[in-house]
Amino acid sequence: MKSLKFLCDAMLGKTARWLRILGFDTFYTAAPHVTDDDLLKIAKREDRILLTKDKSFFQKARRDGVVSVYLDRPSASEEVAELAELYEFKEKLISGANNFSRCPACNGILQVVSREVVNDRVPLGSLENFDEFWVCQTRTCGKIYWKGHHWDNITKELEKIRNISRIKYLKDEHNRISE
Ligand SMILES: [Zn+2]
């Protein structure tokens, strides 16, 4: 199966972060100079599924032949659960395979490194308490993550997404996707 690639509109920042945490290549920018037309071009060029909270943009994308999904759930967790249903990645969501392979901040690839590699860039307390660190490979980002860093919130939220995704959404999804 071809791996899924997404593009989130500017209103879907949280959803984009979650998709990245789950390991999906997800384009997102909040830069004000990026127009809807730019997003459509990127989606086409990079073969990304466009996700949007804007119904008229969804319709425009559909007219333009861009695969897109109109998301209007009240929370990012529900939106991710809905996508898991639509694109059949519920199993992956539940197993956690590929989680934490991408940087939630920039979409870069995360590499697992040992304490020694990051010992000059991580607070001493964290260095002492954790032995696994992830470093973003994008040079302009380079963020470092470890399990103490918001970890409880992330795992709680993931559990919430899993629970929602266990409830099967009614099959009104065909109205939501255009291909
Ligand atoms: Zn990064």
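1. A definition to start with: two strands count as paired if DSSP finds at least two bridges between them. In this predicted model, strand S1 (residues 5-8) and strand S2 (residues 25-28) are joined by 4 bridges and run parallel. If you would like a pair to look at, Leu7 has Phe27 as its bridge partner in S2.

2. Following the chain from S1 to S2 takes you through helix H1 (residues 13-21), and this β-α-β crossover is right-handed.

3. S1 also has bridges to strand S3 (residues 49-52): there are 3 of them, and these two strands run parallel. Here a pair to pick out is Cys8 with its bridge partner Leu51 in S3.

4. Next, the helix packing. The axes of H1 and helix H4 (residues 76-86) come within 9 Å and cross at roughly 55°. Because that angle falls neither under 35 degrees, nor in the 65 to 115 range, nor over 145, H1 is oblique to H4. The crossing is right-handed. On the H1 side, the contact is made by Lys14, Thr15, Trp18 and Leu19, and on the H4 side by Ala76, Glu79 and Val80.

5. Finally, a look at Asn98, which sits in the loop between helix H5 (90-95) and strand S5 (110-113). Is Asn98 buried or exposed? Asn98 counts as partly exposed, because it has 15 C-beta neighbours inside 10 Å, while a buried residue would need 20 or more and an exposed one 12 or fewer.

6. Leaving aside residues up to four places away in sequence, Asn98 touches Leu22, Gly23 and Lys92. Ser3 is 95 residues from Asn98 along the chain, and their C-alpha atoms are separated by 12 Å.

Technical notes:
Residues are numbered from 1 along each chain as its sequence is written. This is a predicted model: local features need pLDDT of at least 70, side-chain atom pairs count only at pLDDT 80 or more; totals for chains, interfaces and linings use all residues. Two residues are in contact if their C-beta atoms, placed from the backbone, lie within 7 Å. A crossover is right-handed if, with the strands pointing away from the viewer, the path from the first strand over the helix to the second runs clockwise. Axes are lines fitted to C-alpha atoms, for helices over the stretch in contact, and angles run from 0 to 180 degrees between N-to-C directions. A crossing is left-handed if the near helix is turned anticlockwise from the far one by less than a right angle, and right-handed if clockwise.
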